[in-house]
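Grab a pencil and open the viewer. Here are some short exercises, each followed by a worked solution.

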Amino acid sequence: MNKIIAPAALLLLLFTGCKEATTTTAADETVVLPMETSYKGKMEIGTSANVVTVMQWNKWLSERNLDSAFTTFADSVTIDMADGTRFDLPKDSIKNVMAGWLSTMKSINIKYIAAMPLNNTTNKDEWVLSWTDESYEYNDGKKEHVIIHEDYRMVNGKIRQVLQYARKLPPPPPPAPAK
């Protein structure tokens, strides 16, 4: 019976959120990384409200509701796109760029794969890591399917910076010949 009670008590202590038990015994306190990172600090799970903001941005963007979408942005935003393009502009200027991009499309479909809020407790940065499966159909008939990873830096609950990475998916195979 003791063999069951001890592990059960340990699991209960772990999942009840006792700060002292989990922070003083955290494995990452003693881990030595084999390589140095340029972005320093201790990371922890952040607030879900930031995930809601990022998801709302993508939802409104896919619905072409730019007025609502840009309520999620800070007054100025830096965006590094997957293709190397960089925008460091006031919110209204980026809104104009996005309106131009959307005008080239028939449709956008954004599906979430995952999203996770992270906070750097050392320098007080708040982030949301977002993975989406996105399909675009352009006015000229071109179709594009891409998996997007974006890191959103949040300031006062607003998107202040976006770092984007993309993996293009191959087009679907042609239909099999009729027999």
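The accessible surface of the chain comes to about 12000 Å², and carbon and sulfur atoms account for 60% of that. Keep in mind that this is a predicted model.

**Exercise 1. Sketch the fold.**
Work out how many helices and strands the chain has, and in which pattern they follow along the sequence.

Solution.
- Start with the count: the chain has five helices and seven strands.
- Next, put them in sequence order, which gives α-α-β-α-α-β-β-α-β-β-β-β.
- Then look at burial: 28% of the 179 residues count as buried.
- Finish with the contacts: of those between residues at least 6 apart in sequence, 51% join residues at least 24 apart.

**Exercise 2. Classify the ring pairs.**
Take W57, F70 and F73, and decide how the rings in this aromatic cluster are arranged.

Solution.
- The structure holds six aromatic pairs. In the pair of W57 and F70, the ring centres are 5.3 Å apart and the planes meet at 85 degrees, so this one is edge-to-face.
- Now place the partners: W57 belongs to helix 3 (residues 48-62), F70 to the loop between helix 4 (66-69) and strand 2 (73-80), and 13 residues separate the two.
- Move on to F70 and F73: with 4.8 Å centre to centre and 55 degrees between the planes, that pair is tilted.
- Check burial against the cut-off of under 20% relative accessible area. W57 has 7% and is buried, F70 is buried at 3%, and F73 is buried at 2%.
- Put together, W57, F70 and F73 make one aromatic cluster.

**Exercise 3. Find the neighbours of T72.**
Is T72 buried or exposed, and which residues does T72 touch?

Solution.
- Locate T72 in the loop between helix 4 and strand 2.
- Read off its relative accessibility, 5%, so T72 counts as buried.
- Leave out residues up to four places away in sequence, and T72 touches T53, W57, W60, K158 and I159.
- One of these contacts, W57, is also part of the aromatic cluster with F70 and F73.

**Exercise 4. Check helix 5 and find its buried side.**
Test the span of helix 5, then work out which residues of helix 5 are buried.

Solution.
- Helix 5 (residues 91-102) has twelve residues, and at 1.5 Å a residue they should span 16 Å. The end C-alpha atoms are 16 Å apart, so the two values agree.
- The buried residues of helix 5 are I94, M98 and L102. They cover an arc of only 80 degrees around the axis, so they sit on the same side of helix 5.
- Flip to the face turned away from that buried side, and you find the exposed residues D92 and N96.
- Ask what covers the buried residues: the cover includes helix 3, helix 4, strand 2, strand 3 (86-90) and strand 4 (105-120).

**Exercise 5. Look at two positive phi values.**
Where do R64 and K124 lie, and how exposed is R64 or K124?

Solution.
- R64 has phi near 65 degrees, a positive value in a residue other than glycine. R64 lies in the loop between helix 3 and helix 4 and, at 35% relative accessibility, counts as partly exposed.
- K124, also not a glycine, has a positive phi near 70 degrees. K124 lies in the loop between strand 4 and strand 5 (125-138), and with a relative accessible area of 65%, K124 is exposed.

**Exercise 6. Spot a charge over a ring.**
Which residue lies over the face of Y138?

Solution.
- The residue is K142, at 5.4 Å from the ring centre of Y138.

Terms used:
Residues are numbered from 1 along each chain as its sequence is written. This is a predicted model: local features need pLDDT of at least 70, side-chain atom pairs count only at pLDDT 80 or more; totals for chains, interfaces and linings use all residues. Side-chain values use heavy atoms; hydrogens and water are left out. Helices (H or I, at least four residues) and strands (E, at least two) are DSSP runs, numbered from the N terminus. Buried means under 20% relative accessible area, exposed over 50%, partly exposed in between (1.4 Å probe, protein chains only). Contact means heavy atoms within 4.5 Å. Accessible areas come from the Shrake-Rupley method with a 1.4 Å probe; for residues, only the protein chains shown count as cover. Rings of Phe, Tyr and Trp (its six-membered ring) pair if their centres lie within 6.5 Å; planes under 30 degrees apart count as stacked, over 60 as edge-to-face and the rest as tilted. A charge sits over a ring if NZ of Lys or CZ of Arg is within 6 Å of the ring centre and within 35 degrees of the ring normal. The expected span of a helix is 1.5 Å times one less than its number of residues. The arc is that of the directions from the helix axis to the C-beta atoms.
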